[in-house]
Amino acid sequence: MTNLRVSTNAGDEVLLGSSDMEALRATLRGPLLLAGDAGYDAARTIFNAMTDHRPALIVRPAAAADVITAVRFARERDVILSIRGGGHNVSGRAVCDGGLMIDPSATMNSIRVNPGARTVRAGPGVLGAELDSETQAFGLATPVGTVSTTGIAGLTLGGGQSWLASKHGMAIDNLLSVDIVTADGTLRTASAGENEDLFWAVRGAGHNFGIVTSFEYRLHPVAPCWAVWCCTQSRAGSRLCASTASLPARSPTICRPGRAS
Ligand SMILES: Cc1cc2nc3c(=O)[nH]c(=O)nc-3n(C[C@H](O)[C@H](O)[C@H](O)COP(=O)(O)OP(=O)(O)OC[C@H]3O[C@@H](n4cnc5c(N)ncnc54)[C@H](O)[C@@H]3O)c2cc1C
């Protein structure tokens, strides 16, 4: 392993020696990826194909301890740090250029439903479709967006609009707690009864208050439902809209067909 130039928050670079990187790799349980490693390009590829950022280091955390290690490593060297979830944010800021990116998308995606308490706990790498799939096994759901490939992390921390919003509110209305690594490298739990200020902050402006390692949501009974979104002025589109008019009669969850101009 050769020396590596890494960008800092001050706008310059630090040189990481091979011993620095060996020490980091040895402390992590998950993989550390450098340019050229298998998986490096996949990890930095996001929804917005105009983003072509190249982190110097990518940490794929096995669990919260690896996130703490990565945050402390970046903090001690003033290295630029970014965190990605589902990679759907069009700004592309989930992938830093020249710094250290934490990528839990392939490693921290466990989901645990508690049907009795009607809650679900999910990792920061989980996508909306994955959460829906697990909660629907129990006839339950929580509002996590309209597009199945959006990450629950960025979506929830930005508020989270969804198909279920009119009935059950936004994602943040259903967020019960988070485990979060703050900038000092400490893992905290934030909820209505613990670190209340931090919990207030993560619900809507959460991208900047730390790195969430676990989300806990309230669940609601929701039968399987269909949503049809027609955005067309064509005749074929009009016929499709007309045909969806029969859906409500067959579906317990009513999504009224509409027509965008
Ligand atoms: C096709 C498409 C459909 C969409 N549909 C909806 C929708 O229906 N409803 C809606 O509300 N929004 C929607 N959005 C917007 C989307 O919610 C935001 O772009 C959101 O930031 C995406 O989250 P992500 O995890 O996929 O993104 P990422 O790009 O991975 O992350 C976005 C930002 O979130 C922060 N972040 C990610 N993970 C963490 C973490 N673990 N801890 C702390 N911060 C973190 C980071 O600052 C990162 O820069 C949509 C976007 C697209 C492209």
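In which sense do strand β1 and strand β2 pair, and over how many bridges? That's my way into this one, and before I answer, please keep in mind that we're looking at a predicted model.

Okay, the answer. β1 covers residues 4–7, β2 covers residues 13–16, and the two pair in the antiparallel sense over four bridges. If you want one pair to click on, take Val6, whose bridge partner in β2 is Val14. Between these strands the hairpin has five residues, and Gly11 takes a positive phi there, near 95 degrees.

Let me zoom out for a second. The protein has 261 residues, and buried ones make up 38% of them. We count nine helices and 13 strands. As for contacts with a separation of 6 or more, 56% of them are between residues 24 or more positions apart.

Now the sheets. I'll take the four-stranded one to start with. The strand order is β3-β4-β6-β5, the sheet is open, and the pairing is mixed. At the edges sit β3, residues 32–33, and β5, each pairing on one side only. Helix α3 packs on this sheet, where it touches β4, β5 and β6, and its direction makes about 160 degrees with that of β6. Over at the β3 edge, two bridges join β3 to β4, residues 57–59, and these strands run antiparallel. Leu32 has Val59 as its bridge partner in β4.

While we're around α3, have a look at Ile80. You'll find Ile80 in the loop between α3 and β5, the latter being residues 81–83. Is Ile80 buried or exposed? Ile80 has 20 C-beta neighbours inside 10 Å, so it counts as buried. Who's around it? Leaving aside neighbours within four places in sequence, Ile80 is in contact with Ser7, Thr8 and Asn9, and also with Cys96, Gly98, Gly99 and Leu100. Remember that Ser7 belongs to β1, which spans residues 4–7, so to speak our opening strand again. There's also Met101: 21 residues away from Ile80 in sequence, with 8.3 Å between the two C-alpha atoms.

On to the other sheet. Here five strands form an open sheet, in the order β7-β8-β12-β10-β11, and the pairing is antiparallel. Its edge strands are β7, at 111–114, and β11, at 187–191, and each of those pairs on one side only. From one strand to the next the twist averages 15 degrees.

Let's walk in from the β7 edge. β7 pairs with β8, residues 119–122, in the antiparallel sense over four bridges. Asn114 has Thr119 as its bridge partner in β8, and Ile111 stands opposite Ala122. The hairpin of β7 and β8 has four residues between the strands, and this time Arg118 takes the positive phi, near 55 degrees.

β8 then goes on to β12: four bridges join them, and they run antiparallel. Here Arg121 has Glu216 as its bridge partner in β12.

Which residues make up the covered face of β8, and which the uncovered one? Val120 and Ala122 are on the covered face, while Thr119 and Arg121 are on the uncovered one. That's the usual pattern: in a regular strand the side chains alternate between the two faces of the sheet.

What about helices on this sheet? α3, residues 64–77, turns up again, lying across β10, β11 and β12 and running at about 50 degrees to β10. Helix α7, residues 196–205, also lies across β10, β11 and β12, running at about 80 degrees to β11.

Last topic, the ligand. Where does the shell around the ligand lie relative to the domains? Domain 1, residues 4–102, and domain 2, residues 111–221, both give residues to the shell, so the ligand lies between them. There are 30 residues surrounding the ligand, and the closest are Gly85, Gly86, Asn89, Gly151 and Gly154. By class, the shell has 16 polar, 12 nonpolar and two charged residues. α5, at 152–157, and β12 each supply at least two shell residues, and the largest share, four residues, comes from α5. So if you're opening the model afterwards, that ligand shell, with residues from domain 1 and domain 2, is where I'd leave you.

How values were computed. Residues are numbered from 1 along each chain as its sequence is written. This is a predicted model: local features need pLDDT of at least 70, side-chain atom pairs count only at pLDDT 80 or more; totals for chains, interfaces and linings use all residues. Two strands pair if DSSP finds at least two bridges between them. Axes are lines fitted to C-alpha atoms, for helices over the stretch in contact, and angles run from 0 to 180 degrees between N-to-C directions. Two residues are in contact if their C-beta atoms, placed from the backbone, lie within 7 Å. A residue is near a molecule or strand if its C-beta atom, placed from the backbone, lies within 6 Å of it. Ala, Val, Leu, Ile, Met, Phe, Trp, Tyr, Cys and Pro count as nonpolar, Asp, Glu, Lys and Arg as charged, and the others, Gly among them, as polar. Domain bounds come from an automatic or database domain assignment. A residue is buried if 20 or more other C-beta atoms lie within 10 Å of its own, exposed if 12 or fewer, and partly exposed in between; C-beta atoms are placed from the backbone.
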